Amino acid sequence: MKKLSFIITFVFLSILFVQAQQAKYVFYFIGDGMGVNQVLGTEMYRSELKGEIGITPLLFTQFPFATVATTFSATNGVTDSAAAGTALATGNKTKNGTLGMKKDLETKINSVAAWAKDKGCRVGIGTSVSVDHATPAAFYAHQAQRSSYYNVGLDLIKANYDFYAGSDFLDPTNKKGGDGSSESLYTLVDKAGYSVARGYKDYQKKAKKSDKMILLQPSSATDVSAIPYAIDRKKGDMTLAEITRAGINFLSKDLSKGFFLMVEGGKIDWACHSNDAATAFNEVVDLDDAIKVAYEFYEQHPDETLIVVTADHETGGIVLGKGPYTLNLQALKSQKVSESDYTRIINNLRKKYKNQVSWEVIKQSLKDNFGFWDSIQLNEKQEARLKKVYDESFGGQKVDLQKSEYQQDEPLASEAKKILNDIALVGWTSGGHSGGYVPVFAIGAGAELFQGRIDNTEIPVKIAEAAGYPN
């Protein structure tokens, strides 16, 4: 009898222990395009800024559990963001370009966000790019083609999550695939009971009286595709940290339910597609700043919070070193703007001088924005490269823009970036994705599940196990 009583007591206490260790509050951070070297390069860059050789750790790299994950899709050794997002969201491999569906392009599959909602948790999805982009969409949409942005927006409404945040919708009126009769997504989200806030200050005004929220960047923003790069940020621009803070605030309206919040640092990928090292490292730091906001919450609820940080794939095949056994990453601090923002600066100079921009004006602009002939000394060959591109770009003939996945840049902006990369001894193997490992970091309730090499499909399953989501 005593033995039976002991067994019952042990089982009861074991159940209580398991329940106490479940993750009630889950943060899932995804650095789009953030491979191992994007993270390591950022930490080495931070160290060189202090005049040291080594690393200055980011917050998330100090989490107690860390591993790497494979990223291949169901049909390709190198994945795209839609298939990778679907793997990270649903635990299923699929065909490149596909969101929330199996590779047969017919079978719909739900995500860990939907599993959290089924358990009764509040759910939020945030990103630094558009709310209908591949990674965020993988958590709520079911589309054979990731570019079906209007239909993705309709799926966003159907998913009925509590909080969404990003730059904007890419195709709110179905211009791409409609006949002009489609109802605006802005109208439809209003009918569905969502409040739309334009910027963090507007969010603060509307949050208390809103049952569901979509946070978009201020209407004054000129680019709906994404919030500005961290390196280009100006006062009033929305930030990923603000998106994270708003998400926590809104989902915490009823903490008894628990919550799931996915936040994507989407523009790490964009910077890496254009091989812009300085901009990419700043984007990784920006993601870390958003994670710091979640970590503040974790410190208040350490036994019930899980934070997982990973990436969907690596972009650009970044190389830390180009032959000599050294790096000069500190040179990147002389770059004050992204390649795309320097394109804007050149365009403004073209308008100001009616396309008759002198070499002296361009040299001053390069000095101001890249430190050339000031903090960065150029050799004759490097200066000749810049002068050649200048002569070709301002010689009266048609300018061929340098195209990457998400940008079309002035040749001079591209050349300046390449020269600074060379000086920093940072190399790139492509302007696309690679099949390299991505890092995985975790802290909190259930974080011990993230050990040993894993596949990206295992990550949402492990999150569900840690949080007790039905799946």
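Let us begin at Phe-27, whose bridge partner in strand S8 is Ile-307. This is a predicted model, and Phe-27 is a handy place to enter it. On the S7 side, Phe-27 has Leu-261 as its bridge partner. The strand that carries Phe-27 is S1, residues 25-31. S1 pairs with S8 (residues 305-310) in the parallel sense over six bridges, and with S7, again in the parallel sense, over seven bridges.

How exposed or buried is S1? Seven of its seven residues are buried, so the strand is largely enclosed by the rest of the structure. In a regular strand, side chains alternate between the two faces of the sheet. Here both faces are covered: Tyr-25, Phe-27, Phe-29 and Gly-31 lie on one side, while Val-26, Tyr-28 and Ile-30 lie on the other, and all are buried.

Now step back to the sheet that S1 belongs to. It is an open sheet of 10 strands with mixed pairing, and its order is S5-S6-S4-S3-S7-S1-S8-S15-S2-S16. Strands S5 (194-198) and S16 (454-455) stand at the edges with a single partner strand each, so one side of each has no neighbour in the sheet. Following the order from S1 through S7 brings you to S3. Strand S3 (residues 122-127) and strand S7 (residues 259-265) run parallel and are joined by six bridges. Within this pair, Ile-125 has Met-262 in S7 as its bridge partner.

S7 also leads into the largest nonpolar core, since Phe-260 falls within residues 259-265. This core has 143 residues, and Tyr-28, Phe-260 and Tyr-469 are the ones that touch the most other members. Its largest share, 12 residues, comes from helix H11 (residues 277-300). Leaving aside residues up to four places away in sequence, Phe-260 touches a set of residues that includes Val-26 and Tyr-28, along with Arg-122, Val-123 and Gly-124. Among its other contacts are Val-112, Ala-113, Ala-116, Phe-139, Leu-251 and Tyr-469.

Which elements help to cover helix H3? The cover over its buried residues includes S1 and S8, together with helix H4 (112-119), helix H5 (134-137), strand S14 (433-434) and helix H16. H3 spans residues 81-90, and 10 of its 10 residues are buried. They run from Ser-81 and Ala-82 at one end to Ala-89 and Thr-90 at the other. Just after H3, Gly-91 takes a positive phi of about 85°.

H16 deserves a visit of its own. Seven of the 10 residues in this helix (residues 458-467) are buried, so H16 is largely enclosed by the rest of the structure. The buried residues are Ile-459, Pro-460, Lys-462, Ile-463, Ala-464, Ala-466 and Ala-467. Just after this helix, Gly-468 has a positive phi of about 75°.

Our last stop is a pair of helices, H14 (residues 380-393) and H15 (residues 411-424), which pack at an angle of about 170° with their axes 9 Å apart. H14 and H15 are therefore roughly antiparallel to each other. By class, their contact has eight nonpolar, two polar and four charged residues. From H14 come Gln-382, Arg-385, Leu-386, Val-389, Tyr-390 and Ser-393. They meet Pro-411, Leu-412, Glu-415, Ala-416, Lys-418, Ile-419, Asp-422 and Ile-423 in H15.

Conventions:
Residues are numbered from 1 along each chain as its sequence is written. This is a predicted model: local features need pLDDT of at least 70, side-chain atom pairs count only at pLDDT 80 or more; totals for chains, interfaces and linings use all residues. Side-chain values use heavy atoms; hydrogens and water are left out. A nonpolar core is a set of buried Ala, Val, Leu, Ile, Met, Phe, Trp, Tyr and Cys residues joined through side-chain atoms within 4.5 Å. Buried means under 20% relative accessible area, exposed over 50%, partly exposed in between (1.4 Å probe, protein chains only). Helices (H or I, at least four residues) and strands (E, at least two) are DSSP runs, numbered from the N terminus. Contact means heavy atoms within 4.5 Å. Axes are lines fitted to C-alpha atoms, for helices over the stretch in contact, and angles run from 0 to 180 degrees between N-to-C directions. Angles under 35 degrees count as roughly parallel, over 145 as roughly antiparallel, 65 to 115 as roughly perpendicular and the rest as oblique. Ala, Val, Leu, Ile, Met, Phe, Trp, Tyr, Cys and Pro count as nonpolar, Asp, Glu, Lys and Arg as charged, and the others, Gly among them, as polar. Two strands pair if DSSP finds at least two bridges between them.
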